[in-house]
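User: I'd like a close look at one part of this model, starting from a single side-chain pair and working outwards to whatever surrounds the chain's metal. Could you walk me through it?

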Amino acid sequence: MTRARLLSGHVLQYTGNPFTTPWHEAVHILENSALLIKDGQIVELGEAARAAAPPDTIHHDHSGHLIMPGFVDAHAHYPQTAMIASWGKRLIDWLNTYTFPEEMRLADPAYAQAISDRYLDLVLDHGTTSVASFCTIHPGSVDALFQAAEARGMAVVAGKTCMDRNAPDGLRDSAQSAYDDSKALLQRWHGTGRARYAITPRFSPTSTREQLQALGALWAEHPEVLMQTHLSEQVDEIAWVQDLFPEARDYLDTYEAAGLLGTRGLYGHAIHLAPREIDRLSELGAGLVHCPTSNTFIGSGLFDLMGLARAGLAVGLATDTGGGSSFSMLRTMAAAYEIAQLRGEAVHAAQLLWLATAGSAAVLHRSDEIGSLAPGLAADICVLDLGATPAIAQRRREAEQVWDAVFPTLMMGDDRAVAEVWVQGRRVRGGN
Ligand SMILES: [Zn+2]
């Protein structure tokens with residue numbers, strides 16, 4: 001048994017989905033309140049937390065800071081950590097020029113381990129406590145990330161990226177080896193501690209029908225795991241998919257025909273969707289993952305966040321490292337806000353915070369463990385300093401109510417705003 005800890009400050013609480021109910025009914029900031037944690041879990045929040053604190057509770061004063069769930073990044077490529085912010089290309093050229101040569105390097109298990117450690121340390125620096133990441137075609141790249149996550153106590157989703165065409169020598173598997181390797185990895189890792197597996201075809205252009213079908217068969221055998229891939233990111237890519245799969249009704253149909261469309265599916269980007277695709281994703285409750293910094297950085301387009309989320313589709317938020325240009329979910333929320341503005345919509349700070357935590361946790365089917373501050377959930381916590389830089393601090397001083405004090409940090413903040421990070425009740429950043 002460990003001693004309880006009481007974190008006092010502004011506490012972020014969710015009671016609903018702020019896209020399908022009015023945001024002020026779903027998201028609350030309990031001002032000058034508290035959060036009680038013990039044995040790696042959240043015990044209580046609000047005034048009940050103070051009342052429930054045992055006499056030997058250790059107090060952590062975060063007055064004026066926002067105590068919130070750790071960020072959940074629902075789509076990333078940890079192997080691209082070392083080539084983030086590479087200049088001048090769009091999707092297909094960007095993959096060939098920058099991504100594939102770097103992913104090749106992860107054939108070396110020692111390099112995969114070094115990048116896994118570097119990546120998870122960087123995301124923790126930015127207040128992110130859970131990620132869903134693509135790996136490379138090398139099974140060792142999956143072991144490396146799960147081992148690094150285990151060492152840090154982090155809840156991570158990952159899977160071996162499968163590609164058996166339109167990728168260079170050294171980065172192609174086959175339909176059979178993708179099936180065999182993915183099966184062995186999911187049996188080894190899924191449900192081991194906080195590790196969860198996702199079957200991971202990169203996207204339809206780099207998989208043959210045979211490979212997609214083999215992975216669909218594996219998913220049918222193991223419906224408890226997730227499936228993550230990409231969908232309708234760029235217009236050129238969609239035309240390429242039409243050439244490669246002339247029989248398909250649309251991009252989503254290339255997955256659907258192979259048994260790779262389901263409730264536990266995660267479809268990254270999903271920018272240029274046809275009405276049929278939206279209907280199918282909605283019917284199944286499949287997860288869409290919005291990657292706004294990536295969409296602007298590689299020029300993909302403007303995701304319809306407000307339209308899709310208001311229609312009840314499950315949407316998470318992600319950096320898409322290293323197609324995205326930042327490890328920060330603060331920067332990612334700012335980009336989501338900007339893209340919505342270009343579509344004529346204003347996303348509220350409450351909606352952005354929910355999306356970056358509870359929304360992402362929901363598409364990962366882990367809402368019972370992460371993404372919210374609620375009794376019984378893991379004590380995976382980010383404490384945000386709402387005046388971390390002089391520019392933000394002077395703006396906050398003008399704020400008349402608490403949401404005005406929060407929004408500047410979402411728009412202008414970076415890792416300097418992350419005062420503390422806790423994973424399973426253990427402080428892993430800050431607290432000097
Ligand atoms: Zn991606």
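Analyst: Let's start with a polar contact of 3.0 Å, which joins the side chains of asparagine 295 and histidine 269. Keep in mind that this is a predicted model. Asparagine 295 sits in helix α11, which covers residues 292-297. Its relative accessible area is 1%, and since anything under 20% is classed as buried, asparagine 295 is buried. If you skip the neighbours within four places in sequence, asparagine 295 is in contact with His269, Ile271, His290, Ser300, Gly301, Phe303 and Ile339. So histidine 269 turns up both in that contact list and as the partner in the polar pair.

Now for the metal. The zinc ion takes its protein donors from His75 (NE2), His77 (NE2), His230 (NE2) and Asp320 (OD), at 2.1 to 2.3 Å. Along the chain those donors are spaced as H-x1-H-x152-H-x89-D. One pair shows how distant parts of the chain are linked here: histidine 77 belongs to strand β5 (residues 71-77) and histidine 230 to strand β10 (residues 226-231), with the two positions 153 residues apart in numbering. Both count as buried, histidine 77 at 3% relative accessibility and histidine 230 at 6%.

What about the geometry? The angles among the four donor atoms run from 90 to 170 degrees. A tetrahedral label needs every angle between 85 and 135 degrees, so the upper end of that range rules it out, and the site is classed as irregular. Water is not among the atoms, so a site like this may look incomplete.

Threonine 128 is another buried residue, at 1% relative accessibility, and its place is in strand β6, residues 128-134. Beyond its neighbours within four places in sequence, threonine 128 is in contact with Phe71, Asp73, Val123, Met154, Phe327 and Met329. Phe71 and Asp73 in that list fall within the residue range of strand β5, 71-77, which also holds histidine 77.

Finally, the nonpolar packing. The largest nonpolar core has 113 residues, and Tyr267, Leu281, Leu288, Leu353 and Trp403 touch the most other members. Helix α14 (residues 349-363) gives the most to this core, with eight residues. Apart from it lies another core of 15 residues, including Val72, Ala74, Ala155 and Ala198. As for tryptophan 403, its contacts beyond four places in sequence are Leu12, Trp23, Val27, Ile29, His348, Ala349, Ala350 and Leu353.

Technical notes
Residues are numbered from 1 along each chain as its sequence is written. This is a predicted model: local features need pLDDT of at least 70, side-chain atom pairs count only at pLDDT 80 or more; totals for chains, interfaces and linings use all residues. Side-chain values use heavy atoms; hydrogens and water are left out. A nonpolar core is a set of buried Ala, Val, Leu, Ile, Met, Phe, Trp, Tyr and Cys residues joined through side-chain atoms within 4.5 Å. Buried means under 20% relative accessible area, exposed over 50%, partly exposed in between (1.4 Å probe, protein chains only). Helices (H or I, at least four residues) and strands (E, at least two) are DSSP runs, numbered from the N terminus. Contact means heavy atoms within 4.5 Å. A polar contact is a pair of N or O atoms within 3.5 Å; within protein, one must be able to donate a hydrogen and the other to accept it, and residues adjacent in sequence count only if both atoms are side-chain atoms. Donors are N, O and S atoms within 2.8 Å of the metal (3.2 Å for Na, K and Ca); water is not among the atoms, so sites may look incomplete. Four donors count as tetrahedral if all angles lie between 85 and 135 degrees; four count as square planar and six as octahedral if opposite donors are over 155 degrees apart and all others between 65 and 115; anything else is irregular.
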